[in-house]
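Open the model in your viewer and keep the selection panel handy. Each stop below says what to pick and what is there.

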Amino acid sequence: MQRFLDEEHRMLRNAVREFVEKELMPEAKELDEKGEFPWDVFRKAAKLGYIGASLPEEYGGAGMDYLSEAIITEEFMRAGSPGAVVTATLGCIPVFYFGTQEQKEKYLPVVTSGKGVSGIAITEPNAGSDVAAIQTSAVKRDGKWVLNGSKEFITNGNIASWLVIAAKTDKTAQPAYKGISNFILEHPTEGFAASPISKMGMHCSPTASISLKDVEVPAENLLGAENMGFYQIAMFFNVSRVFTAAAALGLAQRCYELALDYAKQREAFGRPIAAFQEIQFKLANMWTEIQAARLLIWHTAKLIDMGQPDAAFSSAAKVYATEIANRVAYEAVQIHGGYGYSKEYDVERYYRDARMFTIVEGTSEIQRLILGRFLTGRLKF
Ligand SMILES: Cc1cc2nc3c(=O)[nH]c(=O)nc-3n(C[C@H](O)[C@H](O)[C@H](O)COP(=O)(O)OP(=O)(O)OC[C@H]3O[C@@H](n4cnc5c(N)ncnc54)[C@H](O)[C@@H]3O)c2cc1C
């Protein structure tokens with residue numbers, strides 16, 4: 001696959017791999033056990049331009065293309081959950097696309113400089129897949145917005161310096177999605193509380209429940225136009241799903257490498273298990289699916305670089321890469337036999353990490369629903 005890339009992207013890939021091998025891989029297992037966001041690595045990565053790489057230099061980014069950021073994301077996630085330092089830019093995507101010059105200058109450099117991380121809070125206890133059903137409200141009072149409600153499963157919710165929060169600004173709007181707006185909320189702000197959620201995997205990537213009680217947001221922190229939040233979220237997903245796909249691909253790639261190494265050195269019936277055709281077929285399928293996912297991701301990133309983001313391709317890349325990551329992780333555990341199920345070997349944590357990816361940023365079912373509507377002409381892109 002290296003051959004598919006030009007010299008610049010090849011060099012980037014090698015440099016990021018070297019950084020991750022040196023700074024993350026040796027500590028990855030321990031970091032995952034501690035379950036903390038790896039701030040040191042995050043700051044070092046930001047210094048090298050790996051955090052928010054596709055953001056313009058005027059906002060502290062590296063001015064790279066989306067293909068570069070997809071490559072960076074994959075390489076970081078080869079380390080498993082500690083690689084999730086790249087999620088620091090989640091809130092940056094909508095701010096970059098829809099923010100004012102002042103908002104971009106104020107909020108994006110916080111993240112690209114490595115000072116703090118961002119997030120985006122859409123999901124609520126009673127509204128996940130159905131974004132239009134969110135109930136958090138934003139009401140204008142004395143020249144400010146006042147937010148009330150709760151959010152669930154928010155990545156970086158308890159550690160972020162700022163978050164983009166989706167809220168209903170018009171509860172009577174029909175259809176309901178036309179009444180959503182997005183706000184930039186700084187942390188700490190009075191009335192805002194976040195508590196971490198304990199979860200199956202991705203332990204270095206904090207996830208939080210958020211409560212908003214009469215939280216005041218300055219009028220200038222509305223993102224873009226009022227009641228245009230749903231469209232902004234749709235655009236956010238066009239971009240973020242490529243990175244989610246790339247993250248899952250990084251896990252898959254590492255699982256394949258670990259499984260291949262193990263198969264060559266583990267012996268059964270007097271031979272390395274890699275000599276058995278059944279094991280070779282597993283490796284063949286894993287490798288093939290990884291190559292296919294990578295091409296789909298790189299193609300989708302290229303479309304964004306060409307100024308033609310494509311929701312169908314973003315959904316296809318997301319559903320395919322996240323599902324193959326689960327299949328590859330499953331087979332990697334299988335190839336490790338009993339050791340795959342023990343915490344001694346890395347594949348166990350990759351298997352748990354992979355499970356998250358078919359759920360976040362729209363479940364697999366929702367990606368297929370989008371694709372189905374697109375293919376049958378019920379959605380235009
Ligand atoms: C670790 C983690 C991190 C997350 N980070 C964030 C974040 O940073 N910001 C954020 O806003 N959210 C975040 N989420 C939330 C995530 O996006 C939602 O969990 C996801 O969108 C699904 O919503 P839900 O959990 O409410 O499931 P539901 O919407 O209740 O769905 C339950 C099941 O029903 C299926 N289903 C629902 N509707 C349909 C349909 N129409 N057709 C077929 N099947 C359907 C779903 O696919 C799923 O299998 C995170 C979640 C996790 C687990």
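Start with the ligand and show its surroundings. It is surrounded by 19 residues, where near means that a heavy atom of the residue lies within 4 Å of the molecule. The closest are Thr-123, Ser-129, Phe-153, Thr-155 and Thr-363. This is a predicted model, so local features need pLDDT of at least 70 and side-chain atom pairs count only at pLDDT 80 or more, while totals for chains, interfaces and linings use all residues. Residues are numbered from 1 along each chain as its sequence is written, and side-chain values use heavy atoms, with hydrogens and water left out.

Now colour the shell by class. The shell around the ligand holds 10 nonpolar, 6 polar and 3 charged residues. Here Ala, Val, Leu, Ile, Met, Phe, Trp, Tyr, Cys and Pro count as nonpolar, Asp, Glu, Lys and Arg as charged, and the others, Gly among them, as polar.

Next, pick out the polar contacts (pairs of N or O atoms within 3.5 Å). Which residue offers a side-chain N or O atom 2.6 Å from an oxygen atom of the ligand? That is Thr-363. Select Ile-120: a polar backbone atom there is 2.8 Å from a nitrogen atom of the ligand. At Ile-122, a polar backbone atom is 2.8 Å from an oxygen atom of the ligand. Taken alone, the ligand exposes 980 Å², and the protein buries 64% of that (Shrake-Rupley method, 1.4 Å probe).

Switch to cartoon. β1 (118-121), β3 (144-155) and α11 (364-375) each supply at least two residues of the shell around the ligand. Helices (H or I, at least four residues) and strands (E, at least two) are DSSP runs, numbered from the N terminus.

Colour by domain: domain 1 (2-112), domain 2 (118-227) and domain 3 (231-375). The bounds come from an automatic or database domain assignment. Domains 2 and 3 each give at least three residues to the shell around the ligand. The centres of domain 1 and domain 3, over C-alpha atoms, are 19 Å apart. Their contact (heavy atoms within 4.5 Å) takes 27 residues from domain 1 and 31 residues from domain 3.

Select Ser-315 in helix α9 (residues 311-335). Is Ser-315 buried or exposed? Ser-315 is buried, at 0% relative accessible area; buried means under 20%, exposed over 50%, partly exposed in between (1.4 Å probe, protein chains only). Beyond four places in sequence, Ser-315 contacts Arg-241, Gln-367, Ile-370 and Leu-371.

Finish at Glu-289 in helix α8 (residues 277-305). Glu-289 is buried, at 18%.

How values were computed. Polar contact = N/O pair within 3.5 Å; in protein donor to acceptor, adjacent residues only side chain to side chain.
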